[in-house]
Amino acid sequence: MSERGDPVLVLDGLEKTYGEVRALDGCAFAVERGRMLGFLGPNGAGKTTTMRAIFGLVRLDAGSVTWDGRPVTDAERLRFGYMPEARGLYPKMKARDQLVYLGMLHGLTRSDARRAADRWLETLGVGERAEDPVEELSHGNQQRVQLAASLVHDPELLVLDEPFSGLDPLGVETMAEVLRAQADAGTAVVFSSHQLDLVEDLCEDVAIIDRGRIVLAGNVRELKDASRYRRLELELEDGGEFLRRLTGVVAHEVDGDRHRLLVDKDTDVRELLAAASSTARIREFAYTTPSLNDLFREAVTR
Amino acid sequence: MTSLQTMRLVAGREFRERGRSRAYLVSSAVTLLIILAMIVVPAVLRSQGRTFTVGILGSGNEPILAAAEALTAADEFPTTLRRVAFEARDEAVAALEAGEVDAVLVDGRELVVATAGGFGGSDLERLLQQAAGTRRIQDLLAGDEAAADVVEILTSDALEVVPLRGERGREVGQRGVIAYGGLVLMYIAILSYGTWMLTGVTEEKSNRVVEVLLATTKPWQLLAGKMIGIGLLGILQFVGTVVAAVVALRVTELFDLPAIPVDLLVAMVAWFLLGYAVYSAAYGAAGSLVSRAEDAQTAAFPMTLVAIAGFFASFRALDDPSSTTAVVLSFVPPVAPFVVPVRVAFGAIPAWEHALAAGVTVVFLALLVRLAGRVYSGALLHQGGRISFRDAFRSAEV
């Protein structure tokens with residue numbers, strides 16, 4: 001058994017073609033125990049296909065998915081939890097019965113499944129609705145039950161396709177807390193999202209996929225440090241002309257007195273500050289590593 | 001988790017969730033009520049004996065009416081004929097139109113009835129025809145002692161028929177009725193449970209729960225579990241209905257069963273299972289092709305058509321259970337479940353033929369389940385619109 005921090009789920013060289021469309025083109029990345037990986041990419045980049053491949057729902061043309069160094073079999077998949085992008089539960093079945101059924105399909109005994117179902121419904125704040133048919137729950141509560149469905153058997157790997165989409169801020173908070181707690185307890189967590197701020201806050205690791213291939217992957221902090229760019233934010237009382245003469249500017253947004261720039265890593269900050277203070281009054285100045293958003297845009301530039 | 005455990009869980013869910021659904025409880029109750037009504041109502045009516053009101057015009061009518069009463073006198077519940085005399089034809093016709101009389105007998109040679117009636121006319125018409133015929137013979141052979149013999153000859157079969165297989169006489173009619181009733185029940189049961197399978201699969205696909213399920217189960221386990229769960233409910237309802245019908249028949253003595261025909265019951269249940277399995281596998285595959293409940297019936301239309309054809313083909317077997325058509329159809333798997341029980345009812349199928357027919361159907365079923373499983377697995381994760389049978393077969397992913 002691998003230790004926390006070792007890659008436990010390894011995807012290597014995944015390839016899949018649907019007719020003319022190349023959905024996966026050598027997609028490869030790894031997920032570690034006890035860590036969260038944000039799986040990012042534009043629509044149609046291959047996120048859902050990759051996640052389905054982990055569960056054997058896609059017959060791959062090439063490549064392998066391994067768990068703890070061995071190819072994933074049905075027995076391993078029983079210890080995985082999955083929340084597909086296309087949410088789905090039996091509308092007329094009671095929330096608890098549904099979770100008990102799914103828990104048992106994952107190999108739990110009936111009594112264990114009952115206990116786990118109640119525990120998760122309670123944790124996610126839908127304990128009072130346990131006896132209600134799912135169709136009578138609000139959208140947000142259905143999503144909570146859906147999350148519970150992927151957690152009921154205490155999986156070692158949690159794969160969630162867009163878990164935050166359609167949630168209100170409170171729902172997002174609950175979801176984030178639960179995922180964080182799972183990772184802290186040693187579960188390997190992978191989720192896809194378009195909410196980059198959230199991923200930046202939540203995840204240690206990211207993998208960015210574009211056109212079926214991973215274009216950037218690794219630890220978020222390290223990726224930021226390694227970036228060729230830095231983010232520069234200035235609020236100037238007047239002037240700002242000098243910024244036009246600055247070399248190594250990749251992007252420059254102006255919003256009134258506010259300037260947001262992405263500059264070359266080698267740009268001399270002291271020189272810049274001196275130039276700025278000689279021509280304008282600086283109200284605010286920030287020099288940081290690029291945001292995940294910046295990394296993402298750079299990685300998937302078309 | 002073994003496949004068996006998974007299938008048991010899937011089957012158990014179907015059984016519990018559907019078994020306590022209002023649709024199942026209501027359909028069970030309604031089926032039971034209809035079957036009991038079909039048996040009890042005629043029994044009650046018959047036990048009161050029948051009474052007809054006959055209008056009489058002119059002379060020479062009474063001997064016929066008397067003969068008619070004499071014909072039914074030996075029955076357990078004799079028919080009573082009330083007579084209403086008329087002076088003029090107009091009056092008689094008016095009374096007939098008004099429904100005051102059931103028919104008008106004119107001068108012992110003419111019978112005026114309100115409508116042409118169905119095949120063979122009404123019971124009253126048949127009775128009076130028979131009575132009039134009897135009277136004629138008696139008049140013709142007046143005083144001759146042979147008169148009674150002639151009547152006897154004309155109203156019964158002259159040759160005693162000794163069949164090598166199957167039985168004759170009263171029992172044939174009874175077994176025929178059981179076969180017919182069983183056939184209708186089976187047709188309804190196979191189609192309704194097949195439809196459950198159809199809509200159940202489409203629902204799982206349209207509400208997308210199927211992707212969660214497929215993450216831990218194989219498509220064939222899901223398909224087989226569903227077939228078993230719904231099949232158990234079906235067999236419960238089917239056997240319950242058949243047992244209730246047999247009990248009702250014995251209690252009401254609508255016709256006396258020599259004994260409950262165990263061979264027939266066993267054959268009916270066995271063929272019901274085979275028929276259900278064939279159609280539910282096919283319906284399951286059809287249901288997986290579409291994503292919306294509205295499209296499900298369209299996708300299943302070919303199967304429904306085959307079932308309807310099979311149902312009508314089995315009437316041919318009812319007419320002549322040993323005909324070439326009946327024999328050939330016993331070996332056509334989707335039709336055999338309708339035809340074979342009918343032939344069993346009449347004892348018109350040799351054991352080897354019965355075994356072979358069952359064997360052919362089982363082999364067909366095995367192939368069909370594989371095919372259905374493949375289509376099912378290829379189609380399940382295809383969202384939006386309808387996927388063709390061929391594409392589903394080709395793109396089977398898991």
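**Two chains, walked through by element**

In chain B, B:Thr51 has B:Thr80 of β2(B) as its bridge partner. I start with that pair and work outwards. One caution before I go on: this is a predicted model.

B:Thr51 belongs to strand β1 of chain B, residues 51-57, and 7 bridges join β1(B) to β2(B). The two strands run parallel. For anyone who wants the reminder, strands of a sheet pair through backbone hydrogen bonds, either parallel or antiparallel.

Which strands make up the rest of this sheet in chain B? The order is β2-β1-β3-β4, 4 strands in an open sheet with mixed pairing. The edges are β2, residues 80-86, and β4, residues 110-113; each has a single partner strand, so one side of each is left without a neighbour in the sheet. On average, neighbouring strands here are turned by 30° against each other, direction ignored.

A helix goes with this sheet. Helix α4 of chain B, residues 89-97, lies across β1, β2, β3 and β4 of that chain. Relative to β1(B), α4(B) runs at about 160°.

Next, the domains of chain B. Domain 1 takes residues 11-42 and 169-394, and domain 2 takes 51-154. Taken over C-alpha atoms, the centres of these two domains of chain B are separated by 47 Å.

Now a helix pair in chain B. Helix α10, residues 262-289, packs with helix α13, residues 336-345, and their axes are 9 Å apart. The angle between α10(B) and α13(B) is about 175°. Angles over 145 degrees count as roughly antiparallel, and α10(B) and α13(B) are therefore roughly antiparallel to each other.

What do the two helices bring to the contact? From α10(B) the residues include B:Leu264, B:Met268, B:Trp271 and B:Val278. The residues from α13(B) are B:Pro337, B:Val340, B:Pro341, B:Val344 and B:Ala345. Sorted by class, the contact of α10(B) with α13(B) has 11 nonpolar residues, 1 polar and 1 charged.

One backbone point before I leave chain B. B:Arg208 has a phi near 65°, a positive value in a residue other than glycine. B:Arg208 lies in the loop between α7, residues 170-206, and α8, residues 209-214, of chain B. Is B:Arg208 buried or exposed? Neither label fits: B:Arg208 has 18 other C-beta atoms within 10 Å, and is partly exposed.

There is a counterpart to look at in chain A. A:Glu162 is not a glycine either, and has a positive phi of about 55°. The loop that holds A:Glu162 runs between β7, residues 157-161, and α6, residues 169-184, of chain A. With 21 other C-beta atoms within 10 Å, A:Glu162 is buried; the cut-off for that label is 20 or more.

Staying in chain A, take strand β1, residues 7-18. It pairs in the antiparallel sense with β2, residues 21-32, over 9 bridges. A:Tyr18 has A:Val21 of β2(A) as its bridge partner. The hairpin of β1(A) and β2(A) has 2 residues between the strands, and there A:Gly19 takes a positive phi near 60°.

β1(A) has another antiparallel partner, β4 of chain A, residues 62-67, joined over 5 bridges. In that pairing A:Val10 is matched with A:Thr66 of β4(A).

Helix α1 of chain A, residues 47-54, is mostly covered, with 8 of its 8 residues buried. Among them are A:Lys47, A:Arg52 and A:Ile54. Just after α1(A) comes A:Gly56, with a positive phi of about 70°.

Chain A is assigned domain 1, residues 7-221, and domain 2, residues 227-299. Over C-alpha atoms, 38 Å separate their centres. The contact between them takes 10 residues from domain 1 and 6 from domain 2 of chain A. On the domain 1 side, the elements giving two or more residues are α7 (196-202), β9 (205-210) and β10 (213-219) of chain A. That side has 8 nonpolar residues, no polar and 2 charged.

Last, how many residues of each chain meet the other? The contact has 23 residues of chain A and 19 residues of chain B. On the chain A side, helix α3, residues 95-105, gives the largest share, 4 residues. By class, that side of chain A has 16 nonpolar, 4 polar and 3 charged residues.

How values were computed
Residues numbered from 1 in each chain as written. Chains lettered and ligands numbered in written order. Predicted model: local features only at pLDDT ≥ 70, side-chain atom pairs only at ≥ 80, totals over all residues. Pairing = 2+ DSSP bridges. Axes fitted to C-alpha atoms, helices over the stretch in contact; angles between N-to-C directions. Contact = placed C-beta atoms within 7 Å. Parallel < 35°, antiparallel > 145°, perpendicular 65-115°, else oblique. Nonpolar A, V, L, I, M, F, W, Y, C, P; charged D, E, K, R; others polar. Buried ≥ 20, exposed ≤ 12 C-beta atoms within 10 Å, placed from the backbone. Domains from an automatic or database assignment.
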